[in-house]
Structure formats: C-alpha cells, structure tokens
Amino acid sequence: MKLPDAPVDLDAPVGDIRGAHLVLELAARLDVVLEHFCAQHAPRISPGAPVPIRDTENVERLPDLVHSPRLTLRRWVDADGPELSAAILDSLEHLRPWMPWVASEPVRLEDRVALIDRWNSDWEQGGDLVVGIFMDGMVVGGSGLHKRRGPGVLEIGYWVHVDHVRKGIASEVSELLTTVAFTVADIERVEIHHDRANLASSGVPRRLGFTFVDETPNVVLAPGEAGIDCRWHITRDDWLRRQRRPALGS
C-alpha cells in the first residue's frame, strides 16, 4: 500500500476540510477492500441461507429498482452469482488498474453469494445500495449508491463489463442513480470520485454537469492509480434545474 508523499495530519482541526476529506476517502476505499477480503475469509454461509438482520420494519431504504429504455438496475440476488462472477472474470484485466477489490478476485461462488447476501442485508438495514446493471437480461456491469461520504451525501460507484465499454453505460447509470438519489428526502448532494489517472471515469461526471470540486492526495490501492482523488458533485437544486431544461431541438 503506497501512502501519499505529502504528510497527512490526522489530528488536524475539524475545520481542515482537505484533511477531513482525505480521512473519509481512506475509510471509504479501505471499506471496499475489506468487504471483499471478508467474502473470502468470513465463516462459510451456505448459498441461499437466510442472513440474520435486525428489525427493519421502520427503516428507510434507498430505491432498489430503476429502469431506462435499455438498462435495468436492480439489487443482486443469489442466483446472479455465477453470471456476476463470469462478468468480473471476463473483465479482470480491464478493471484491475482502477478497482482495488479486483486484487481478491476470483472468489469462490459461495463467497460471491455470501457477499451478495451482505450487500442485501446492509440495504435492508438502511445502508448502501449495490445493484447489477442488466441489458437484455445480461450483466453488463455493477453500480451503487454509497453513504460513506457523510450525512446528506450519496456517492455513485460503477464498473462496466469490458465488452460494453464506450457505449455510454456508465453515464446512463450515473444519470439514473443521481435522479434516484434526489428522491431521498435528506440527500442534498451526489458525488462521483475517481483517481486522476482514470481519464475515462472523469468524462462521466463532466458529461452529466457535475462540478469538479478538488483533488486530494490518496492511498494507492490499485496499480493504475496516481494517488490523487478527484471529487465531483452536484446539488439537488442544480440537478433539478438541469432536468427542467428543454431537450435540444424541442
């Protein structure tokens, strides 16, 4: 694990926004890596076995089913395990430069199913939403809305199957999920983060009208990264304003 060249003062005052952002970024990225590590090393759960959860009757959950004319976004289910594993395996070298969790791939099918169960358990309890991206019933990627950036903020993450890149899928998914995010009453901002070296990912928030906020030194967890986190965001008001604009030619 490579640390930023510049020293990081973890005891910086709360008002030091740059330092606070770095701490949040480290926590968010390590959480992703640890989740996939646990998929391999946690006690075994039989595929399809129920996952114990707390009482969730009054929990507010993120919307978990979204459609566009060509795409469906929905939560993964245990039966998706083989197809999800195949999509990741097909795309390993494409994803490896940018996705830290690829370092733990491939995982066994039972571990994949256990991970899906944990994603769904977390969602049931009001946590993150992790979805598959389906086109004509086939897996073409994965995405999600994550609460790791603090109150009032959701972060969009995404990956696309190597056979479906450069088809506008990441942008379409991010547009759908941004709209969904702002149906949640207390969400005022949506963010997209990427490493500075990942030029393809930078085009997604730019295309959707997100505002570039800042660059922050970051831990390098994947081989293609430069160690600079780029943060983009859009506010609820700005998004709704863009949605009200008439289409070109109308």
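Select Arg-61 and Trp-123 to begin: the charged end of Arg-61 sits over the ring of Trp-123, 5.6 Å from its centre, where a charge counts as over a ring if NZ of Lys or CZ of Arg is within 6 Å of the ring centre and within 35 degrees of the ring normal. Next select Arg-74 and Phe-134, where the charged end of Arg-74 sits over the ring of Phe-134, 4.1 Å from its centre.

The model is predicted, so that local features need pLDDT of at least 70 and side-chain atom pairs count only at pLDDT 80 or more, while totals for chains, interfaces and linings use all residues. Residues are numbered from 1 along each chain as its sequence is written, and side-chain values use heavy atoms, with hydrogens and water left out.

**The strand β3**

Phe-134 belongs to one face of β3, so select residues 129–135; helices (H or I, at least four residues) and strands (E, at least two) are DSSP runs, numbered from the N terminus. Seven of the seven residues of β3 are buried, buried meaning under 20% relative accessible area, exposed over 50% and partly exposed in between, with a 1.4 Å probe and protein chains only. Leu-129, Val-131, Ile-133 and Met-135 lie on one side, with Val-130, Gly-132 and Phe-134 on the other, and both faces are covered.

Add β2 (residues 72–75), which runs antiparallel to β3 and is joined to it by four bridges; the partner of Leu-73 in β3 is Ile-133. Then add β4 (residues 138–146), also antiparallel to β3 and joined to it by seven bridges, with Phe-134 bridged to Val-139 and Met-135 to Met-138. The two strands β3 and β4 form a hairpin with two residues between them, and Asp-136 in the turn has a positive phi of about 55 degrees.

**The whole sheet**

Now display the eight strands of the open sheet, in the order β1-β2-β3-β4-β5-β6-β8-β7 and with mixed pairing; two strands pair if DSSP finds at least two bridges between them. Because β1 (65–67) and β7 stand at the edges with a single partner strand each, one side of each is left without a neighbour in the sheet. The twist averages 25 degrees from one strand to the next, with axes taken as lines fitted to C-alpha atoms, for helices over the stretch in contact, and angles running from 0 to 180 degrees between N-to-C directions.

**The nonpolar cores**

Which residues have the most contacts inside the largest nonpolar core? They are Leu-73, Leu-145, Ile-169 and Phe-210, in a core of 34 residues; such a core is a set of buried Ala, Val, Leu, Ile, Met, Phe, Trp, Tyr and Cys residues joined through side-chain atoms within 4.5 Å. Select α5 (169–181), one of the elements that give two or more residues to this core, since its seven residues are the largest share. Apart from this core lies another, of 16 residues, among them Ile-88, Leu-95, Met-99 and Val-139.

**Phe-210 and Trp-239**

Finish at Phe-210 and Trp-239, whose ring centres are 6.4 Å apart with planes at 70 degrees, so the pair is edge-to-face; rings of Phe, Tyr and Trp (its six-membered ring) pair if their centres lie within 6.5 Å, with planes under 30 degrees apart counted as stacked, over 60 as edge-to-face and the rest as tilted. Phe-210 lies in the loop between α6 (199–208) and β7 (211–217) and Trp-239 in helix α7 (residues 236–244), so the pair ties together parts 29 residues apart in sequence. Both residues are buried.
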